[in-house]
Amino acid sequence: MPRKDDTVPVMRIGVLASGGGSNLEAILRGGLPVVAVVVDRACGATAVAEAAGVPAELVRRETFDADFDRAAYTERVLDALQLHGVELVVMAGFGTILDKQIHDAFPGRILNTHPALLPSFPGWHAVDDALAAGVKVTGCTVHLATLEVDSGPILAQEAVPVLDGDTAETLHERIKEVEHRLYPETIRQFIS
Ligand code: GRF
């Protein structure tokens, strides 16, 4: 992997986000070379990108109905990433499952962070599901994204205890604190 110097890995990162963008913020704070942010809806991640001077592209998902054309939407996301010469895709709370074309375009080069210890609690409601199951420990997982959601090879995991009185919000906030450290660290290791 080419490097500018001994410490700064050079690989053009595109971040996909749909939420508040706290993981994006942590990745930017970590000095990782993010060249573009793509969001699928109006969300806080856009302001986080703009505050850092990183271009944010809204590739709006027009429908969440059964008629959603996933392949066509994936092509639009791919176009936005390719416009910025992205080499590594980093999903940080992206709410749309993308189709095969993105995996073909970025083979083994799509990372994701998930707020549970996979393979436990895959899916969009991982924190609620862990709480409902009554587990005493959950956590977060950084993994390679594959076509099968939340199933790719695990790169890093860290446990987070579930405390008495936790709500989904308090537990998710504690998990995110760990993600904010673990995700940038793992991305850095991956690209170096
Ligand atoms: C993170 O907990 C991530 O694991 C999950 O969505 C959340 C994104 O939060 N997939 P944010 O938008 O980065 O604050």
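This briefing walks you through the ligand site of this structure and two residues worth finding in the view. Keep in mind that the model is predicted. The ligand sits in the largest pocket, and the protein buries 90% of the 370 Å² that the ligand exposes when taken alone.

**Who surrounds the ligand**

- Start with the glycines: Gly19, Gly20, Gly21 and Gly93 are among the residues around the ligand.
- The surroundings also include Ser22, Asn23, Thr113, His114 and Pro115.
- His172, Lys176 and Glu179 belong to the ligand's surroundings as well.
- Sorted by character, the shell has 9 polar residues, 2 charged residues and 1 nonpolar residue.

**Polar partners of the ligand**

- Glu179 brings a polar side-chain atom to 2.4 Å from an oxygen atom of the ligand.
- Lys176 has an N or O atom in its side chain that is 2.9 Å from a ligand oxygen atom.
- Asn23 takes part through its backbone, where a polar atom is 2.8 Å from an oxygen atom of the ligand.

**Which elements build the shell**

- The ligand sits in the largest pocket, and the elements that give two or more residues to its shell are α1 (22-29), β5 (110-114) and α6 (168-191).
- Which element gives the most to this shell? That is α6, with 3 residues.

**Asp40, a buried residue**

- You can find Asp40 in the loop between β2 (34-39) and α2 (44-51).
- Is Asp40 buried or exposed? Asp40 counts as buried because its relative accessible area is 0%, and buried means under 20%.
- The side chain of Asp40 has a polar contact of 2.8 Å with the side chain of Ser18.
- Another polar contact, at 2.7 Å, links the side chains of Asp40 and Thr96.

**Arg60, a partly exposed residue**

- Arg60 is placed in the loop between β3 (56-58) and α3 (70-83).
- With a relative accessible area of 38%, Arg60 is partly exposed, because that class covers values between the buried limit of 20% and the exposed limit of 50%.
- How far apart are Arg60 and His172 in space, C-alpha to C-alpha? The two are 26 Å apart, with a separation of 112 residues in sequence.
- His172 is one of the residues that surround the ligand, so you can use it as a landmark when you look for Arg60.

Conventions: Residues are numbered from 1 along each chain as its sequence is written. This is a predicted model: local features need pLDDT of at least 70, side-chain atom pairs count only at pLDDT 80 or more; totals for chains, interfaces and linings use all residues. Side-chain values use heavy atoms; hydrogens and water are left out. A residue is near a molecule or strand if one of its heavy atoms lies within 4 Å of it. A polar contact is a pair of N or O atoms within 3.5 Å; within protein, one must be able to donate a hydrogen and the other to accept it, and residues adjacent in sequence count only if both atoms are side-chain atoms. Accessible areas come from the Shrake-Rupley method with a 1.4 Å probe; for residues, only the protein chains shown count as cover. On a 1 Å grid over the protein atoms alone, a cavity is a set of points where a 1.4 Å probe fits but cannot get out, and a pocket is an open set with protein on both sides within 12 Å along at least five of seven lines; lining residues have an atom within 4 Å of a point. A molecule sits in a cavity or pocket if more than half of its atoms lie within 2 Å of its grid points. Helices (H or I, at least four residues) and strands (E, at least two) are DSSP runs, numbered from the N terminus. Ala, Val, Leu, Ile, Met, Phe, Trp, Tyr, Cys and Pro count as nonpolar, Asp, Glu, Lys and Arg as charged, and the others, Gly among them, as polar. Buried means under 20% relative accessible area, exposed over 50%, partly exposed in between (1.4 Å probe, protein chains only).
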